[in-house]
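This briefing sets out selected helices, strands and their packing for a computational chemist. Please read it alongside the sequence and coordinates displayed below.

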Amino acid sequence: MESKYNPAEIEKKWQQVWAEQGLDKAVENPDQPKFYALSMFPYPSGNLHMGHVRNYTITDVVARVRRMQGYRVLHPMGWDAFGLPAENAAIDRGIHPAKWTEQNIDQMRAQLQELGLSYDWEREVATCAPDYYHWTQWIFIQMLQMGLAYQKEAAVNWDPIDQTVLANEQVDSEGKSWRSGAIVEKKLLRQWFLKITDYAEELLQDLDKLPGWPERVRTMQANWIGKSTGAQVVFKTEGGDALPVFTTRPDTLWGATFMVLSPEHPLVEKLTAPDRVAAVDDYRKSAAAKSEIDRTAEDREKTGVWTGSYAVNPVNNARIPIWIADYVLMGYGTGAIMAVPAHDQRDFEFARKFNLPVKVVVQPEGETLDGDTMTAAWAGAGVMVNSGPLNDIPAGKGEAESVPAAIHWLEANEKGQGESNYRLRDWLISRQRYWGVPIPVVHCPECGIVPVPDDQLPVTLPEDVEFSGRGASPLAQLGDWVNVPCPACNRPARRETDTMDTFIDSSWYFLRYTDAKNPGQAFDSIKANGWMPVDQYVGGIEHAILHLLYSRFITKVLRDRGLISCDEPFKRLLTQGMVQNTAYKNPKTGRYVAPEDVTDPQNPVDPDTGDALEVFYEKMSKSKYNGVDPKSVLTKYGADTARMFILFKAPPEKDLEWDDADVEGQFRFLNRVWRLVTEYIATVGANGGSPSKDLAPADLSKDEKTLRRAIHTAIQAITEDIDGDYQFNTAVSELMKLSNALTDSAAKDSPVYTEGIRDLIQLLAPFAPHLADELWHQIGHSESVHCSPWPVFDPSALVVDEITLVIQIMGKTRGTLEVPADSDKAALEKYARESEAAQRYLTGKEIKKVIVVPGKLVNFVVGSE
């Protein structure tokens with residue numbers, strides 16, 4: 001038997017055994033309760049970081065416990081493998097994206113396996129594999145047939161030098177192309193969209209069905225969907241063109257003194273007067289070069305230009321000028337707003353800058369506002385004025401207030417109608433790149449848009465592609481691939497050359513895991529319904545909006561298509577905190593300094609400038625020189641220690657601050673467990689003794705009862721920590737307490753001690769799976785500890801027959817006494833008076849008062865001698 005804990009040897013041994021035994025394969029047994037545990041799958045960058053380790057360890061503990069609790073568990077892993085980095089690698093290094101991605105997947109898979117994660121690797125998926133994106137394309141076609149996929153013109157980031165479309169990530173903070181350095185422009189292209197807005201109300205309302213999600217995430221999604229109620233009102237240009245506007249304050253229509261259109265609005269050119277063309281064109285070009293964030297920033301100076309045209313206010317027939325301004329975005333609302341400068345600060349600033357009229361329609365109580373002299377917009381309460389039928393009505397959205405009154409008037413006079421609007425926009429999925437899922441449609445001059453027939457899927461990516469980073473999408477430059485016969489009429493046609501947003505790949509992968517190797521379907525509905533929804537989903541807060549929202553949307557679409565029965569994909573969500581480490585930063589230059597360049601950590605200075613450095617914890621990052629390579633930890637301490645530290649250092653939802661000393665502390669703890677069990681084996685033999693579960697409490701000595709109480713206290717606490725809010729840090733603390741109780745026990749030759757050793761190993765198993773299986777086999781078991789049942793808490797073990805009563809004289813402890821636990825106050829006082837301590841300290845003294853605290857102490861107050 002090994003006398004020393006050797007994690008490298010043990011972990012390699014058990015990883016091989018588990019793989020050979022198929023221990024982690026999901027079992028399709030409807031008679032067992034199911035549990036679907038899932039971590040958000042990674043982009044295959046090539047290397048795991050500590051954030052990955054934390055995410056996957058958390059989910060693995062949950063999966064392992066549920067198996068031991070009798071659930072059939074699905075715990076898969078795969079790769080979110082399409083995306084821009086692979087294409088950049090092709091450009092920079094001359095390696096094909098597929099080869100680069102496959103190499104990275106192989107490397108990361110090996111790293112994951114070293115952590116001892118209990119994945120069913122037979123269900124592994126990679127979104128870049130044709131047998132996966134075949135079904136991504138099929139799902140797109142389902143949505144096309146449902147009327148949920150469509151094309152329209154939309155703005156893209158355009159590099160005028162390289163003549164190529166750029167992703168948002170390829171545009172730097174100054175609005176320049178990452179490669180050419182050119183100022184990026186906005187250009188309109190026909191792009192594909194998915195109608196997520198058709199599901200906006202359901203996506204909002206069904207957040208109430210997710211009590212297992214953090215409130216913060218539900219709020220973020222609700223805000224992103226952004227429901228607002230108001231009215232749709234149609235303004236008309238003097239030429240008769242309609243300009244629909246949505247407003248949450250239709251009661252202020254009488255105060256609208258101008259309109260503002262987005263520079264991208266389709267009517268801008270038509271509405272621009274001949275003498276305004278040059279100014280409007282220049283402004284539109286300037287706006288196209290700005291990001292949405294810059295355009296909508298509250299604190300930036302308002303800019304705009306008049307088109308030379310007018311609209312007619314439908315409520316009072318007032319003639320108001322039409323301007324364009326970059327703070328109005330075509331992607332939000334209708335791309336047109338009515339401007340009420342007296343009661344909207346943004347409109348007020350614009351009106352003051354361009355000398356536009358300000359008309360007051362809400363007067364605050366006790367004041368008289370004048371549009372000519374106002375210094376800021378009034379957005380508060382008041383009474384309606386200068387508003388025709390609304391005059392004298394209290395301003396507001398209440399039942400008897402101005403907003404519902406305005407909507408009623410608009411509808412009665414056919415000037416507009418009440419409606420809800422959403423901030424949520426339809427999902428733009430077109431990407432003018434190679435490394436993504438080809439959109440499976442053909443453009444035919446005769447038939448229009450024709451979906452690729454199911455028997456011709458997948459539309460695979462061609463391999464003979466040149467990557468330059470310049471010009472049109474690499475796919476668009478391959479004539480042999482682009483030019484195909486129309487599937488409907490067989491005449492010459494062209495393939496769609498856009499690929500899909502990679503968020504589509506990750507919005508249904510959890511369904512593919514339920515039937516990962518099915519060659520004829522995206523998934524079998526019976527299997528999917530047998531596993532869905534995911535019971536526990538774990539991932540970063542950075543995915544709180546888009547990934548989770550898109551996954552919810554696609555789930556509802558597939559439900560409506562009759563493919564699955566669940567409304568929501570993820571029953572419970574845990575957003576784990578970041579892993580942080582010490583960072584050194586020069587506050588004057590903003591430059592980070594590597595720890596190895598800091599000669600005196602107590603008084604750190606920049607080695608180049610001599611400036612004092614700021615020292616603080618920050619998210620691990622290469623650019624901040626504070627990352628810790630998981631491999632270095634695994635090599636020195638082993639996977640079990642890394643797992644224990646990750647779980648012990650902080651609650652899973654909180655940020656974790658890296659500390660080498662704490663890693664060492666967990667390694668020492670596992671060594672103590674190793675010694676504890678091996679010493680037990682040396683004393684009682686490999687098969688140990690009989691556990692105490694069948695012994696009556698009356699048969700146990702005081703030491704045995706004390707130890708058994710410690711055992712079942714640990715079982716209860718650890719089970720509650722895992723079944724509740726996943727407080728793994730306190731669960732590890734309970735493991736340490738149980739280990740100490742066993743070490744200090746005076747009942748090492750008792751069956752209770754045998755019970756304690758076995759329970760300790762089983763409770764340790766989800767946290768340190770390799771060590772636990774090794775020790776489990778050493779105490780005589782042939783089956784894996786991970787196949788053994790989770791220890792069951794026995795409430796009777798916590799029943800206390802005796803308590804330790806503290807004897808105090810004048811508040812000072814003078815002794816202790818073991819007394820029956822059910823003693824009442826009178827009995828406790830009697831025991832205390834008869835105690836040796838009382839006899840020694842009370843003889844010859846007058847007892848003035850006796851204070852009895854049941855279950856704890858008796859305090860005698862005596863008179864002075």
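Helix α25 (residues 825–834) lies across β30, β31, β32 and β33, and runs at about 125° to β32. The model is predicted. The points below begin with the sheet that α25 crosses, and then turn to other strands and helices.

**The four-stranded sheet**

- The sheet is open and consists of four strands in the order β31-β30-β33-β32, with mixed pairing.
- The edge positions are held by β31 (812–820) and β32 (847–853); each has a single partner strand, so one side of each has no neighbour in the sheet.
- From one strand to the next, the twist averages 20°.
- Strand β30 (residues 802–809) pairs with strand β33 (residues 857–862) in the parallel sense, over four bridges.
- Within this pairing, Val 806 has Leu 857 in β33 as its bridge partner.

**Strands β10 and β13**

- Strand β10 (residues 258–261) and β13 run antiparallel and are joined by four bridges.
- Leu 261 has Ala 336 in β13 as its bridge partner.
- Strand β13 (residues 336–339) is covered on both faces: Ala 336 and Met 338 are buried on one side, and Ile 337 and Ala 339 are buried on the other.
- In a regular strand, side chains alternate between the two faces of the sheet.

**Helices α2 and α5**

- Helix α2 (residues 50–68) has 19 residues, which at 1.5 Å a residue should span 27 Å; its end C-alpha atoms are 27 Å apart, in agreement with that expectation.
- Of the 19 residues of α2, 18 are buried, so the helix is largely enclosed by the rest of the structure.
- Gly 70 follows α2 and has a positive phi, near 100°.
- Helix α5 (residues 130–145) has 16 residues, for which 1.5 Å a residue gives an expected span of 22 Å; its end C-alpha atoms are 22 Å apart, which agrees.
- α5 is mostly covered, with 13 of its 16 residues buried.
- Gly 147, just after α5, adopts a positive phi of about 80°.

**The contact of α3 with α4**

- The axes of helix α3 (residues 84–93) and helix α4 (residues 97–114) come within 8 Å and cross at roughly 115°.
- The crossing of α3 and α4 is right-handed.
- On the α3 side, the contact involves Pro 85, Ala 86, Glu 87, Ala 89, Ala 90 and Arg 93, which meet Pro 97, Trp 100 and Thr 101 in α4.
- The residues of this contact comprise six nonpolar, one polar and two charged.

Conventions: Residues are numbered from 1 along each chain as its sequence is written. This is a predicted model: local features need pLDDT of at least 70, side-chain atom pairs count only at pLDDT 80 or more; totals for chains, interfaces and linings use all residues. Side-chain values use heavy atoms; hydrogens and water are left out. Helices (H or I, at least four residues) and strands (E, at least two) are DSSP runs, numbered from the N terminus. The expected span of a helix is 1.5 Å times one less than its number of residues. Buried means under 20% relative accessible area, exposed over 50%, partly exposed in between (1.4 Å probe, protein chains only). Two strands pair if DSSP finds at least two bridges between them. Axes are lines fitted to C-alpha atoms, for helices over the stretch in contact, and angles run from 0 to 180 degrees between N-to-C directions. A crossing is left-handed if the near helix is turned anticlockwise from the far one by less than a right angle, and right-handed if clockwise. Contact means heavy atoms within 4.5 Å. Ala, Val, Leu, Ile, Met, Phe, Trp, Tyr, Cys and Pro count as nonpolar, Asp, Glu, Lys and Arg as charged, and the others, Gly among them, as polar.
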